Amino acid sequence: MPATDKTATPSEVRSGHVSVRAMLIVALVAVGVYGLDQLAKFLVVSNLEPGDVVPLLGQVLQLHFVTNSGAAFSLASGFTWVLSLVAVGVIGFIIWFARRIQSVAWAITFGLVLGGAFGNVTDRLFREPGFGVGHVVDFIQVWGFPAIFNIADIAVVTGMGLFLLLTLRGVGLDGKRHVKHPVADDGA
């Protein structure tokens, strides 16, 4: 039986602890995003033809069915297989990394990115024109915004925004703020 370190603080002991609650939140958010994304894409593909535009709020918000072989703003068209590999890598990293998360905010953040990545990689792997080179279904068009996007894209962008916000606020994976204190000037 290994010896235990009697001098370890409770926070040091917890740092190796896997938070079941955080893992459950990551999974629930990811499954929710993925399900909503795939349902919306199913409805769009079933009811619209590529190029169709359906105004929801005039020109401010429209459904505009397009397929995208590239990344955001149709960048990297022709490199769909590379984007597929990158997305699978991101998914693998998040699944591997998720066991370190102990905070609800970080769990939601990673769940959003995971669900969104799964949503778009599903399109790249299983939609036409073929495995690994499929085109992503995009359908949300907002006036003044230069791209047409989908639910998965919204989740990824929201997740990355939360990532930046939590990082800038100094919130650790444990949910606690880790603020660096400036060194006091003693006047010497």
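A crossing of two helices is called right-handed if the near helix is turned clockwise from the far one by less than a right angle, and left-handed if the turn is anticlockwise. In the predicted model described here, helix α2 passes helix α4 in a right-handed crossing. Two packed helices are described by the angle between their axes and the distance between the axes. For α2, which spans residues 20–47, and α4, which spans residues 104–126, the angle is about 35° and the axes lie 7 Å apart. Sorted by class, the residues that form the contact of α2 with α4 comprise 13 nonpolar, seven polar and four charged residues.

These two helices belong to a protein chain whose secondary structure amounts to five helices and four strands, and from the N terminus onward the elements follow the order α-α-β-β-α-α-β-β-α. Of the 188 residues in the protein chain, 35% are buried. Among contacts in the protein chain with a separation of 6 or more, 64% are made by residues 24 or more positions apart. The accessible surface of the protein chain is about 11800 Å², and carbon and sulfur atoms account for 71% of this surface.

In soluble globular proteins, nonpolar side chains tend to be buried together. In the present model, the largest nonpolar core contains 20 residues, of which I101, W106, A107, F110 and L114 touch the most other members. Helices α2, α3 (80–97) and α4 each provide at least two residues of this core, and the largest share, eight residues, is contributed by α4. The surroundings of F110, one of the core residues named above, include residues distant in the numbering: when neighbours within four places in sequence are left aside, F110 is in contact with I94, F97, I101, F163 and L173. A second core, separate from the one just described, consists of eight residues, and L48, F65, F139 and F149 are among them.

The residue V45 is located in helix α2. With a relative accessible area of 37%, V45 is partly exposed, because this value falls between the limits of 20%, under which a residue counts as buried, and 50%, over which a residue counts as exposed. Apart from its neighbours within four places in sequence, V45 is in contact with F65, R127 and V137, and F65 is itself one of the residues of the second core. Another member of that core, F139, is separated from V45 by 94 residues in sequence, whereas the C-alpha to C-alpha distance between V45 and F139 is 9.6 Å.

Methods
Residues are numbered from 1 along each chain as its sequence is written. This is a predicted model: local features need pLDDT of at least 70, side-chain atom pairs count only at pLDDT 80 or more; totals for chains, interfaces and linings use all residues. Side-chain values use heavy atoms; hydrogens and water are left out. Axes are lines fitted to C-alpha atoms, for helices over the stretch in contact, and angles run from 0 to 180 degrees between N-to-C directions. Ala, Val, Leu, Ile, Met, Phe, Trp, Tyr, Cys and Pro count as nonpolar, Asp, Glu, Lys and Arg as charged, and the others, Gly among them, as polar. Buried means under 20% relative accessible area, exposed over 50%, partly exposed in between (1.4 Å probe, protein chains only). Contact means heavy atoms within 4.5 Å. Accessible areas come from the Shrake-Rupley method with a 1.4 Å probe; for residues, only the protein chains shown count as cover. A nonpolar core is a set of buried Ala, Val, Leu, Ile, Met, Phe, Trp, Tyr and Cys residues joined through side-chain atoms within 4.5 Å.
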